[in-house]
Amino acid sequence: MIDAIALLSGELNQRVSSFEKRPGVLQIVAPFYHDDGDMQEVFVTPGEFSNTWVLSDYGMTLLRLSYTFDNLSEGRDALIKKIASENGLDLVDGVLRVVSKRESLFFDFMAIQRAITQIMALKFQKSRRTTSSFYEDVRSELAVALAPWKPQFDYHPLHERDDLVIDIQISARRPIFICAAREDHRYLRAGLTCSQLIQHGLSFRSLILVEDEKAIALPNWRTVTNIVDKQYIGKDEILREVPIFVKREVA
Amino acid sequence: MTIQEEAAIIASPKRVVKEISGSVNGAELRRSFSLKDDHNREYRLFVRRSGAFPENFSVGIDVVLDNEDLPLRRYNGRHGPNEQLSHHESFHSHNPTWRDDRRVGKGLRQIVEEQDYATVEEALTVACQRCTIEGMEDFFPHLGQNELHFES
């Protein structure tokens, strides 16, 4: 098996080595990494005939993919089989493997590394947990409803603090800062942003738009209610009341 | 996310809500749990162990932010070298990278060698301690006693 490592190392600028994972099983050390910095796991064992070897991932790739997906859908399962097949690999019981010989060792090694990379890229398919379009809807509909007052989106009231962001800003004698919050942490962040701006001496009117108050923890609700001027709950109330509020403030 | 926000999330007490999925196949282990904290934030914790190489394991925790899973920590076994420890295997954790106190991306590229655990059981105990997770003993009655039963 040391022959196999020497062959690969020669092809890869002496950047390949190995260590014994188990008796008769070498783990290959080569500059191919997962996106968290871990090395991609490929092992080599002796083949059935002389000068043949088996390259395998020992199931580590699909185990790692399970960090993202608890269960694989039929579609992803089929895609993984296709990736294995396209790269000339066997996929048996979740293990990628290929029997290789001297002439094809480098290309087989690159094929298994390529397949690992392609399979791990499936994690970027993970869909969002819900399909709520609250932020998109509020933003697009208020863009129309508030158009006469020329709303500014993603507004930074303080140049030196790019972490303090207001979703919508309306210019007025006292500017109006509007933040939308669907989740508890976004709600708390909106309240803390307003609090920090007040501490910086800014004078403004603040609105928080909440999709559903049940998503907000009661202690946070009490805290933020004492900071902001007005809160509207639910898309209907938001779209009905916010333009009225702005019109009254700007007049 | 800022480093302060992340620290608050890590410190926030979390309780196991339910087991999402679980399977044991020989030495191979795959169990996942949903968790929640007092702010109604949701989390996912997974425990994985290779059947072929039981020293290859990972205990990971993700937080659900903006309806997407954001990895917080991984407590991994000795599954091979990595970018920062390129010449030897070691038990190690993966942590976020920070630039000017703000998190860089969703990855966990900051790797730290760990000496507080040597088995997946001990890694789970460490994860619960460091990430303030309560209630795991309902699913692993021997948690912290270094003698876990992994049947789901």
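**Chain B, overall.** I started with the elements of chain B and counted 2 helices and 10 strands. Reading from the N terminus, I get the order α-β-β-β-β-β-β-β-β-β-α-β. Note to self: this is a predicted model.

Next I looked up burial. Chain B has 152 residues, and 53% of them count as buried. For surface, I have about 6,600 Å² exposed by chain B, with carbon and sulfur atoms supplying 45% of that area. I also checked how far contacts reach along the sequence: taking contacts in chain B between residues at least 6 apart, 43% join residues at least 24 apart.

**Ser12(B).** I went to the loop between helix H1 (3-11) and strand S1 (14-25) of chain B, which is where Ser12(B) sits. Is Ser12(B) buried or exposed? Ser12(B) counts as buried because its relative accessibility is 7%, and the cut-off for buried is under 20%.

Then I went through its partners. Setting aside residues up to four places away in sequence, Ser12(B) touches Asp37(B), Asp38(B), His39(B), Arg41(B), Tyr43(B), Cys131(B) and Thr132(B). One of these, Asp37(B), also has a side-chain to side-chain polar contact with Ser12(B), at 3.1 Å.

**Asn40(B).** While in chain B I stopped at the loop between strand S2 (28-37) and strand S3 (42-49), where Asn40(B) is found. Its phi caught my eye: the value is near 65°, so I wrote down a positive phi in a residue other than glycine. Asn40(B) has 35% relative accessibility and therefore goes down as partly exposed.

**Tyr58(A).** Over in chain A, I looked for a positive phi in a non-glycine residue and noted Tyr58(A), at about 50°. Tyr58(A) is placed in the loop between strand S4 (52-56) and helix H2 (60-65) of chain A. I put Tyr58(A) under partly exposed because its relative accessibility is 26%.

**Phe19(A).** Last stop was strand S1 of chain A, residues 17-22, which holds Phe19(A). Which residues does Phe19(A) contact, leaving aside neighbours within four places in sequence? In chain A, I listed Val25(A), Leu26(A), Gln27(A) and Val29(A). From chain B, the list adds Gly80(B), Pro81(B) and Glu89(B), and I marked Phe19(A) as a residue with contacts in both chains.

I also looked up the spacing to one of those partners: Val29(A) is 10 residues from Phe19(A) along the chain, and their C-alpha atoms are separated by 7.6 Å.

Technical notes. Residues are numbered from 1 along each chain as its sequence is written. Chains are lettered from A and ligands numbered from 1 in the order in which they are written. This is a predicted model: local features need pLDDT of at least 70, side-chain atom pairs count only at pLDDT 80 or more; totals for chains, interfaces and linings use all residues. Side-chain values use heavy atoms; hydrogens and water are left out. Helices (H or I, at least four residues) and strands (E, at least two) are DSSP runs, numbered from the N terminus. Buried means under 20% relative accessible area, exposed over 50%, partly exposed in between (1.4 Å probe, protein chains only). A polar contact is a pair of N or O atoms within 3.5 Å; within protein, one must be able to donate a hydrogen and the other to accept it, and residues adjacent in sequence count only if both atoms are side-chain atoms. Contact means heavy atoms within 4.5 Å. Accessible areas come from the Shrake-Rupley method with a 1.4 Å probe; for residues, only the protein chains shown count as cover.
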